[in-house]
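Hi everyone, thanks for making time this morning. I'd like to walk you through one structure, so please have a look at it before I start.

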Amino acid sequence: MDIVQNSIVAGASQIGVEVDEDSAEDKLTITVTDNGCGMDKDTLARVCDPFTTGRTTRRVGLGIPLFKLAAEQTGGEFRIESEPGKGTRVCAVFGYSHIDRQPLGDMVSTMHQLITAHEMVDILYTHRVDGREFCLDTRQIKEILGGVSLAEHEVMVWLLEYLKENEASLYTNN
Ligand SMILES: Nc1ncnc2c1ncn2[C@@H]1O[C@H](COP(=O)(O)OP(=O)(O)OP(=O)(O)O)[C@@H](O)[C@H]1O
Ligand SMILES: [Mg+2]
């Protein structure tokens with residue numbers, strides 16, 4: 001949620017959220033891609049390591065450093081690529097069964113909140129669990145809705161059910 005929030009603040013009109021749970025490889029990979037304003041090299045360096053890059057007059061947040069730390073604590077890895085004017089890609093790999101891995105959390109609520117609160121942003125969500133896959137492209141949903149708002153009560157209720165059903169089907173054996 002924090003990482004996607006950064007993309008929204010960066011003015012992205014398209015955000016990709018990819019969650020890949022792979023128990024065979026014992027990896028959980030989370031990738032967020034956006035077409036927002038991007039960052040220059042200095043900002044990028046400061047963002048990844050706010051404690052060692054020295055005095056900055058501007059406050060630097062902890063969203064990215066904490067995400068990076070959370071991944072690295074599980075024997076995983078963290079990568080961030082960004083280009084000013086083009087966009088940013090943040091990728092964290094977690095040790096899936098590592099004792100220090102934080103739970104993925106409630107993807108249904110997270111995605112529901114993101115999608116309904118940021119209607120102007122197109123979100124491409126992919127969640128994979130050991131070969132099963134659930135993809136949601138808000139552009140397709142908006143097309144079907146034909147101008148009806150995603151924040152409309154009935155649409156929100158439908159979307160919640162849709163997310164619940166599809167997320168649940170990723171974890172059931174049939
Ligand atoms: N997707 C992105 N596109 C462009 N700039 C970004 C992106 N993600 C992060 N940044 C830059 O990196 C900075 C640090 O991000 P980070 O999430 O670590 O902290 P923050 O957003 O400033 O504060 P917070 O602690 O509230 O998250 C941001 O302020 C922003 O300048
Ligand atoms: Mg942030």
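I'll go through the sheet, then the core, and end with some backbone angles.

Please keep in mind that this is a predicted model. Let's begin with the sheet. It is an open one made of 6 strands, in the order β3-β4-β2-β1-β5-β6, and the pairing is mixed. At the edges sit β3 and β6, the latter covering residues 132-137, and each of them pairs on one side only. From one strand to the next, the twist averages 5 degrees.

Helix α1, residues 2-9, packs on this sheet and touches β1, β2 and β4. The direction of α1 makes about 10 degrees with that of β2.

Now let's look at some pairings. Strand β2, residues 27-34, runs antiparallel to β4, residues 87-95, and 8 bridges join the two. If you want a pair to click on, Leu 28 has Phe 94 in β4 as its bridge partner. On to β3, residues 77-83: this strand is also antiparallel to β4, with 7 bridges between them. Here you'll find Glu 77 opposite Val 93. β3 and β4 form a hairpin with 3 residues in between, and Gly 85 in the turn has a positive phi of about 80 degrees.

Over at β5, residues 122-129, there are 6 bridges to β6, again antiparallel. Val 129, for example, is partnered with Arg 132 in β6.

So what about the core? The largest nonpolar core has 22 residues, and among those with the most contacts inside it are Val 4, Val 32 and Ala 92. At least two residues each come from α1, β1, β2, β4, α4, β5 and α6. β4 gives the most, with 4 residues. Setting aside residues up to four places away in sequence, Val 4 touches Ile 15, Val 17, Val 32 and Leu 114. As general background, nonpolar side chains in soluble globular proteins tend to be buried together.

Last topic: backbone angles. Most residues other than glycine have a negative phi. Which phi does Asp 26 have, then? The value is near 55 degrees, so positive, in a residue that is not glycine. You'll find Asp 26 in the loop between β1 and β2. Asp 26 counts as partly exposed because 13 other C-beta atoms lie within 10 Å, and the buried class needs 20 or more.

Asp 130 is another such case, with a positive phi of about 45 degrees. Asp 130 lies in the loop between β5 and β6, and is partly exposed with 13 C-beta neighbours inside 10 Å.

That's my tour, and thanks for listening!

Note on methods
Residues are numbered from 1 along each chain as its sequence is written. Chains are lettered from A and ligands numbered from 1 in the order in which they are written. This is a predicted model: local features need pLDDT of at least 70, side-chain atom pairs count only at pLDDT 80 or more; totals for chains, interfaces and linings use all residues. Two strands pair if DSSP finds at least two bridges between them. Axes are lines fitted to C-alpha atoms, for helices over the stretch in contact, and angles run from 0 to 180 degrees between N-to-C directions. Two residues are in contact if their C-beta atoms, placed from the backbone, lie within 7 Å. A nonpolar core is a set of buried Ala, Val, Leu, Ile, Met, Phe, Trp, Tyr and Cys residues joined through C-beta atoms within 7 Å. A residue is buried if 20 or more other C-beta atoms lie within 10 Å of its own, exposed if 12 or fewer, and partly exposed in between; C-beta atoms are placed from the backbone.
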